[in-house]
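Me: I've got a structure open with a ligand in it and a few odd backbone spots. Can we walk through it together?

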Amino acid sequence: MGRWRTEQENGIYLVEGPCRLQGEIRVQGAKNAALPILAAALLTPESVIHRCPRLSDIDAAADILRHFGCRCEWDGGTLHVTRGEMTGCEIPEHLMREMRSSIVFLGAAIARCGSARISMPGGCELGPRPIDMHLSALRRLGVRIEDDDGFLRCTVPGGLHGARIALPFPSVGATENAMIAACLAEGETELHNAAREPEIADLAAFLNAAGARIHIDAAGSVFIRGVRELHACEHTVIPDRIVAVTYLCAAAATGSSLTLRGVETDHLAACLPLFEEMGCAVQQNRRDATLSIAAPQTVSSLHMVRTMPYPGFPTDAQAPLMAVCCRAKGTSIFVENIFENRYKHAAELLRMGADIKVEGRVAVVEGVGRLHPARVECTDLRGGAAMVVAALGAQGETRIGQIRHIERGYEALDECLCALGASVKKQ
Ligand code: EPZ
């Protein structure tokens, strides 16, 4: 039986604001690219994954791989995964619970073992998070799925076969699960209305490096010709576009100038104009993969921010950007179109003196000039990043609890911010 974690175990940041950030930061590898790649690593004899971020979510994925008999070893920022004897085809409940995105292991487990048994993933901080699209895509590929007392029992009576799949919504996880399973299916799979996030192209690059035959056309449809097996491969994970936006938000919230290194500026095309709208000077240099921002002392508000599937503005950047708008001159409007329940951070920002009204999918943020410190909590990963952004620009010491959420997705955020001149103490 589990036990309650103490406040200390969940971690606390003490952030002393306001600060002025200065200098350069190298952006980490993308968590949301690395996670499906680790699932796909189950299908290759050996994978060498460079720029793999060191995060608690990645540790949870490595634990699932170990459970399946793989060896996972770190060498600096590179993770080596070597496949061993498969020790079962069930993902135990405690590993499923550790990380919501463990559902992305389903397609790989089925393709590897021909069957799988997983507990139904429950809701999470972002709302109900159903998996119907994952399951219907896998069914189209020949998977039989039965409810087995709260577990899903998946079998493939006639083997995996290619299919024409049209997703009702471009779900990132359902696209990844279908792509991974279809790699080893007999025949061709077409995946229409697939997600077009850069993490999808990165998963395709990893699988193709291992001998898969995946082509993504200009409209974002994914074409997969099944192969008998995958071989060993080496891959470098794309930079994390949401981490990059978070640092841009930290600069915008503190009137700072920063340079980000190792960024893929094309992945930020929907985000950068918003920083310009706020009055920041943004300079991109594609050739050396750098991005510089110089923010004014007080930013202007944003007319309208609508979260959309890629190439639209990412839902994952909504919370940190809202934290910036809390101090802006004027009124900003947010419309959250991806998740039902992704404004929990708003209640925490109110504790710091923000003026935010939420109604359904819409949040109206009136800029208040300066936030004051308070005891706040991370409500989820990006909500946690929002609290840090807000605290950096607030007057005095903010105490942020539940930072284990932040550690799921940001590599040493406290140390990186301190290196740029902030005062963030972890307790
Ligand atoms: C991925 O989640 C990311 N996670 C999320 O990152 C991100 O917010 C999200 O994509 C959207 O960009 C990983 O990549 C590990 P979806 P995923 O399937 O795959 C509904 C972060 O902070 N839906 O595209 O779960 C769903 O409820 C996070 O790093 C169904 O209804 O997202 C949601 O409303 C959190 N049925 C919408 O679709 C399904 O079967 C988009 O979900 C699947 C999804």
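Reply: Sure, and one term before we start: a polar contact here is a pair of N or O atoms within 3.5 Å. Keep in mind, too, that this is a predicted model.

Me: Which residue puts a backbone N or O atom 2.8 Å from an oxygen atom of the ligand?
Reply: The cut-off for a polar contact is 3.5 Å, and a pair at 2.8 Å falls within it. On the protein side the atom is a backbone N or O, and the residue that supplies it is Val-172.

Me: And which residue reaches an oxygen atom of the ligand with a polar side-chain atom?
Reply: Here the contact comes from a side chain, with its polar atom 2.8 Å from the ligand oxygen. Met-133, on the other hand, uses a polar backbone atom, 2.7 Å from an oxygen of the ligand. The side-chain contact belongs to Arg-382.

Me: How much of the ligand's accessible area does the protein cover?
Reply: On its own, the ligand has 830 Å² of accessible area. With the protein around it, the covered share is 87%.

Me: Which elements give two or more residues to the shell around the ligand?
Reply: The shell has 22 residues, with Asp-132, Met-133, Ser-171, Asp-316 and Ile-338 the closest. Both domain 1 (2-28 + 240-426) and domain 2 (31-236) supply at least three residues. The elements giving two or more are α2 (31-40), α6 (132-140), α7 (172-183) and α13 (381-393).

Me: How many residues of that shell are nonpolar?
Reply: Split the shell by residue class and you get six polar and six charged residues. The nonpolar group comes to 10.

Me: Moving on to the sheet with β19: which strands are its edges?
Reply: This is an open sheet of four strands with mixed pairing, in the order β18-β19-β21-β20. β18 runs parallel to β19, joined by two bridges, while β19 and β21 are antiparallel over five bridges. An edge strand pairs on one side only, and that picks out β18 and β20.

Me: What is the handedness of the β-α-β unit made by β18, α11 and β19?
Reply: Its two strands, β18 (residues 305-306) and β19 (residues 331-335), are parallel, and Val-305 has Phe-334 as its bridge partner in β19. Helix α11 (residues 318-325) is the helix of the unit, and the unit is right-handed.

Me: Now the odd backbone spots. Which residue is joined to Pro-311 by a cis peptide bond?
Reply: Most peptide bonds are trans. Pro-311 lies in the loop between β18 and α11, and the cis bond there has an omega of about 15°. Another cis bond, between Gly-17 and Pro-18, has an omega of about -5°. The residue joined to Pro-311 is Tyr-310.

Me: Where is Ala-289, the one with a positive phi?
Reply: Most residues other than glycine have a negative phi. Ala-289 is not a glycine, yet its phi is about 55°. You'll find Ala-289 in the loop between β16 (281-285) and β17 (290-294).

Definitions and conventions
Residues are numbered from 1 along each chain as its sequence is written. This is a predicted model: local features need pLDDT of at least 70, side-chain atom pairs count only at pLDDT 80 or more; totals for chains, interfaces and linings use all residues. Side-chain values use heavy atoms; hydrogens and water are left out. A residue is near a molecule or strand if one of its heavy atoms lies within 4 Å of it. A polar contact is a pair of N or O atoms within 3.5 Å; within protein, one must be able to donate a hydrogen and the other to accept it, and residues adjacent in sequence count only if both atoms are side-chain atoms. Accessible areas come from the Shrake-Rupley method with a 1.4 Å probe; for residues, only the protein chains shown count as cover. Ala, Val, Leu, Ile, Met, Phe, Trp, Tyr, Cys and Pro count as nonpolar, Asp, Glu, Lys and Arg as charged, and the others, Gly among them, as polar. Domain bounds come from an automatic or database domain assignment. Two strands pair if DSSP finds at least two bridges between them. A crossover is right-handed if, with the strands pointing away from the viewer, the path from the first strand over the helix to the second runs clockwise.
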